[in-house]
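Me: I am new to this structure and would like to go through it slowly, one question at a time. Please reason each answer through before naming the result.

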Amino acid sequence: MNTPSRKGSVSVAHGSVLFFASNLVGAAGFFVAALLLARALGPSGRGSVAFITVTALVVARVVKIGLGQATSVLAAQRPEARPMLLSNLLAFSLAMSLVGGALVGAGLYLFEAEPAGIDRTHFAILGAGIVAASLVDDNFLIGCGRLKQAAAISASGGWLYAGALTAALVTDGLTVESAALAWVGAHLVWATLLATVGLRTAGLSRPDARLLAESVRFGSRAWLGSASLFLNARLDQILLGLLASDVALGLYAVAVNGAEILLFLPTAIATALLPAVARAEGLSKVERTLRTFRVAAISTLCTIVVAAALGWIAIPLAFGPDFDDSVELFMWLLPGALGYTALSIFSNSLLASYEPGLSSLGSATALGVSVVLDLLLIPPFGASGAAAAASAAFLAGGAASAVAYRRQTGYRWSELVPGGADVAFLRVVAERALRRDRSGS
């Protein structure tokens, strides 16, 4: 007979498989988009597009002050409030992204900054990108338990971008401007799909100021962690564009495109874990989290080994000889995946347990280490310094998250070590996923 903890673990595993499959499908689309950009624009143009899109993603995440994460938790716990939560999320995202876009555009204009091949003609595209990126938010659907719908829509994002780039390529040809506009258009369609399913799930009501204030209070405590985690994965590209060159950023962006595939599995697992832990009680929260980490650690180590074996061949073959130097950067990035696994899982479990302050510790640690090392290593070593700093930051953040979770729960360090039962559980999950695929259910 299955215990509640066992059933919960299988539920988390099922959600993890959904999001992992979604990330893989979406990543395939983004990979096609990266190939089109690299082949058409070369390292320099690829770096310019990366600066626009990464800056848009970073600003969009920062200005929302953790509202997405708060919405996910509250939607899971308060079904009756879902219409107001969706209204608040959409209205707040739009308003804050407009403010953020205006501030960034004004700042770049006033300081006459033209990083990574970007000039003032691109500022309007950057502002539109901030709005589009801010509206892409699947937290509401995840909190409502609509994992299949959220996963399916997320899988479409990369292909929407690849399709838009292809359309631009066959019409007037790809330029930095047309590529950035394709990214904005794809994200607007992506956001529309998420909002449409959200409306069908819960409907809309008038935004509620009191509920918004509660969400912002909760989200702002977790915001440092969520924003730090995202900044740690993106800020190095902005700093590289400012401190090095558009060519260095283009080479690094390709390496990041490859290395990010290793982060899809822990991200998917942590995403599915959050609402499961939010609904769980007592010791089952801890048991579920520790089992999830051990299984994820095994999976991540396996993907690191495979990636190290294939990266030397796959990157030059896919992107061309102009990106041969991206291989070394890719190898430097691989160890960070294990740290990211610990960071994402323990931080999400702490957030779901109403410990948003502790949940931010790992991400804040990673960001602090990343910024310090970037400033020290990028000037003398360029993109290689940024890659080494990224891995070191994720490992430090993962260690800090594990310590924070131990402080909250008191688990034993030996409980982090995977064992035969975890391997067996992983095998069961894989067999169930295969049977489900074969049956078409």
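The questions and answers below concern a predicted model.

Me: How many salt bridges does a search of the whole structure find?

Reply: Side chains of opposite charge can pair when their charged atoms come close. One such pair is Asp137 with Lys64, and the side chains of Glu214 and Arg78 also meet in a salt bridge. For the whole structure, the number that the search finds is two.

Me: What is the distance between the closest N and O atoms of Asp137 and Lys64, and how many residues apart in sequence are the parts that this pair ties together?

Reply: Asp137 forms a salt bridge with Lys64, and their closest N and O atoms are 2.5 Å apart. Asp137 lies in the loop between helix H4 (123-135) and helix H5 (139-143), while Lys64 lies in the loop between helix H1 (4-63) and helix H2 (67-77), so the parts tied together are separated in sequence by 73 residues.

Me: Are Asp137 and Lys64 buried or exposed?

Reply: A residue counts as buried when its relative accessible area is under 20%, and as exposed when that area is over 50%. For Asp137 and Lys64 the class is, in both cases, buried.

Me: Where do Glu214 and Arg78 lie, and what are their relative accessible areas?

Reply: The salt bridge between these two side chains has an N to O distance of 2.4 Å. It links distant parts of the chain, 136 residues apart, with Glu214 in helix H8 (residues 209-243) and Arg78 in the loop between H2 and helix H3 (82-110). Each of them is partly exposed, Glu214 with a relative accessible area of 25% and Arg78 with one of 26%.

Me: How many of the 13 residues of H4 are buried?

Reply: At 1.5 Å a residue, the 13 residues of H4 should span 18 Å, and this agrees with its end C-alpha atoms, which are 19 Å apart. The buried residues of H4 include Phe123, Ile125 and Leu126, and also Ile130 and Val131. H4 is mostly covered, and the number of its residues that are buried is ten.

Me: Why is H13 described as largely enclosed by the rest of the structure?

Reply: Helix H13 covers residues 336-352, and its 17 residues should span 24 Å at 1.5 Å a residue, which agrees with end C-alpha atoms 24 Å apart. Ala352, which is found in helix H13, is buried with a relative accessible area of 2%. H13 counts as largely enclosed because, of its 17 residues, the number buried is 16.

Me: How far apart in space are Ala352 and Ser72, C-alpha to C-alpha?

Reply: Along the sequence, Ala352 and Ser72 are 280 residues apart. In space, however, the separation of these two residues, C-alpha to C-alpha, is 9.3 Å.

Me: Which residues form the negative surface patch, and is Asp325 buried or exposed?

Reply: The negative surface patch is formed by Asp322, Asp324, Asp325 and Glu328. Asp325 lies in the loop between helix H11 (283-319) and helix H12 (326-333). With a relative accessibility of 55%, Asp325 counts as exposed.

Me: Which residues make the nonpolar surface patch of about 280 Å²?

Reply: One of its members, Leu243, is found in helix H8. At 42% relative accessibility, Leu243 counts as partly exposed. The residues that make this patch are Leu242, Leu243 and Leu375.

Terms used. Residues numbered from 1 in each chain as written. Predicted model: local features only at pLDDT ≥ 70, side-chain atom pairs only at ≥ 80, totals over all residues. Heavy atoms only, no water. Patch = residues over 30% accessible without salt bridge, like charges linked within 9 Å, V, L, I, M, F, W, Y side chains within 5 Å. Areas by Shrake-Rupley, 256 points an atom, 1.4 Å probe, with all protein chains shown as cover. Salt bridge = Lys/Arg side-chain N within 4 Å of Asp/Glu carboxyl O. Lys, Arg positive; Asp, Glu negative; His and termini not counted. Charge placed at Lys NZ, Arg CZ, Asp CG, Glu CD. Helix = DSSP H or I, 4+ residues; strand = E, 2+ residues; numbered from the N terminus. Buried < 20%, exposed > 50% of the residue type's maximum accessible area, 1.4 Å probe, protein only. Expected span 1.5 Å × (residues − 1).
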